[in-house]
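Please work through the following exercises with the coordinates open beside you, attempting each task before reading its solution.

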Amino acid sequence: MERKQTGRRFSQLSYEERIKIATLRERGDSARSIAQSLERSPNTISRELREKKVKGTYVPKKAQRRTYWRRYRAKRDCMKVAMSKELTELVHEKLLLLWSPERIAGYARREELVVSKKAIYKYVKSRCLERYLFWKRIKKKSGRKRGHAAPSDTTKRLIESRPAVSSSGHWELDFIVSSLSGAVLLVMVDRWTRYTIVKRLERKTHQLVLGALVDIRDRHGIETITTDNDIVFQKWLEMEAGLPGVLFFFCHPYHSWEKGLVENTNRWIRTFVPKKRDLATVSDEEVRSVHAYLNDIPRQCLGYFTATELLSTERVS
């Protein structure tokens, strides 16, 4: 706001400067002329005269008081977490679970604790807790963009023809693989509820994948599956025959990012199962823990409800 620039540093208008502004203004000087006298920006003086008036009159003492209380409220709001034991405990608890400040703020509102994501970010920075922010620990890879390539199987349904969703049953599918063994994690995310299923398979074969999909269909229901052009889906028509009523849709070749929901979920899973981990050593208990974590975390896109809560509500309705 009202700041003086010296190189790259700024300072607030002082009370003495405000007295000079009032004196020069009463004399009839323009805002630009006052700015030159004080070696300030004309915009700073114009803003000061416009925002700090009381009943149409600029009074230095009242302008100083307004500035003080504005800065006090801003500081109080930013340190709201530190000033509340309940909020401090909540933020620390959820940061350890890798919740983002936005997610924590949304969950807090559900618990009738009013706090903004800005206040939480401010607290995280002031306490040097950035290491718990999930995306701070992920380095974004830069890659060249590819144009659309025609799939070798021209009978495949491409992703642009998949239906819009208004209920559960429409899934995105992907695999997490390891170079240390043939074991894989099959990951499926429901596009409507964001409910996630993680299954460990000893190998990525047609029969094992189909068997896993049959089990998921019987438990949760499947209407459509969106996936990439993995070699295991070369016999996708046979898979559809083994899953009556289920339709497959495919990303364009080399465009796995088109199923961004499951790709993003894989990034979360990788924080629990690192890339150099042999997936054959991942226990059933670990898989259940990852599965529970992903489904019991509030999501902004779900109004800060969890996928489990939304799925349960839909099934009841």
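The exercises below go from the whole chain to a sheet, its helices and some single residues.

The structure is a predicted model, in which local features need pLDDT of at least 70 and side-chain atom pairs count only at pLDDT 80 or more, while totals for chains, interfaces and linings use all residues. Residues are numbered from 1 along each chain as its sequence is written, and side-chain values use heavy atoms, with hydrogens and water left out.

**Exercise 1. The whole chain**

Determine how many helices and strands the protein chain has, and what percentage of its residues count as buried.

Solution. Begin with the secondary structure, taking helices (H or I, at least four residues) and strands (E, at least two) as DSSP runs numbered from the N terminus; the chain then comes to 12 helices and nine strands. Next, apply the accessibility classes, in which buried means under 20% relative accessible area, exposed over 50% and partly exposed in between, with a 1.4 Å probe and protein chains only; of the 317 residues, 40% count as buried. Finally, count contacts, defined as heavy atoms within 4.5 Å: among those between residues at least 6 apart in sequence, 62% join residues at least 24 apart.

**Exercise 2. The sheet**

Establish in which order the five strands of the open sheet are arranged, and which strands are at its edges.

Solution. Two strands pair if DSSP finds at least two bridges between them, and with this criterion the five strands form an open sheet in the order S7-S6-S5-S8-S9, with mixed pairing. The edge strands are S7 (196-201) and S9, each of which pairs on one side only. Neighbouring strands are turned by 25° against each other on average, direction ignored, where axes are lines fitted to C-alpha atoms, for helices over the stretch in contact, and angles run from 0 to 180 degrees between N-to-C directions.

Now take two pairings in turn. S6 and S7 pair in the antiparallel sense over six bridges, and Leu-186 has Lys-199 in S7 as its bridge partner. S8 (residues 224-227) and S9 (residues 247-250) pair in the parallel sense over four bridges, with Phe-250 in S9 as the bridge partner of Thr-227. From S8 the chain passes through H9 to S9 in a right-handed β-α-β crossover, that is, with the strands pointing away from the viewer, the path from the first strand over the helix to the second runs clockwise.

**Exercise 3. Two helices, H10 and H11**

Find the angle at which H10 and H11 pack, and decide which residues meet between them.

Solution. H10 and H11 (residues 284-295) pack at an angle of about 135° with their axes 11 Å apart. Angles under 35 degrees count as roughly parallel, over 145 as roughly antiparallel, 65 to 115 as roughly perpendicular and the rest as oblique; the two helices are therefore oblique to each other. Inspecting the interface, one finds Thr-265, Trp-268, Ile-269 and Phe-272 of H10 meeting Val-290, Tyr-293 and Leu-294 of H11.

**Exercise 4. Helix H6 and the loops beside it**

Explain why H6 is described as largely enclosed, and classify Leu-98 and Glu-112 as buried or exposed.

Solution. Seven of the 10 residues of H6 (residues 101-110) are buried, so this helix is largely enclosed by the rest of the structure. The buried residues are Pro-101, Arg-103, Ile-104, Ala-105, Gly-106, Tyr-107 and Ala-108, and what covers them includes H5 (85-95), H7 (117-126) and H10 (260-272).

For the loops, recall that most residues other than glycine have a negative phi. Leu-98, in the loop between H5 and H6, has a positive phi of about 70° although it is not a glycine, and at a relative accessible area of 13% Leu-98 is buried. Glu-112, in the loop between H6 and H7, likewise has a positive phi, near 65°, but Glu-112 is exposed, with a relative accessible area of 72%.

**Exercise 5. Glu-240 and Ser-179**

Work out where Glu-240 lies and which residues it contacts beyond its neighbours within four places in sequence, then turn to Ser-179 and its accessibility.

Solution. Glu-240 lies in H9 (residues 236-242) and is buried, with a relative accessible area of 12%. Leaving aside neighbours within four places in sequence, Glu-240 is in contact with Arg-157, Val-246, Leu-247 and Phe-248. Ser-179, by contrast, is found in the loop between S5 (170-177) and S6 (184-190) and counts as exposed at 75% relative accessibility. The C-alpha atoms of Ser-179 and Lys-275 are separated by 8.9 Å, although these residues are 96 residues apart along the chain.
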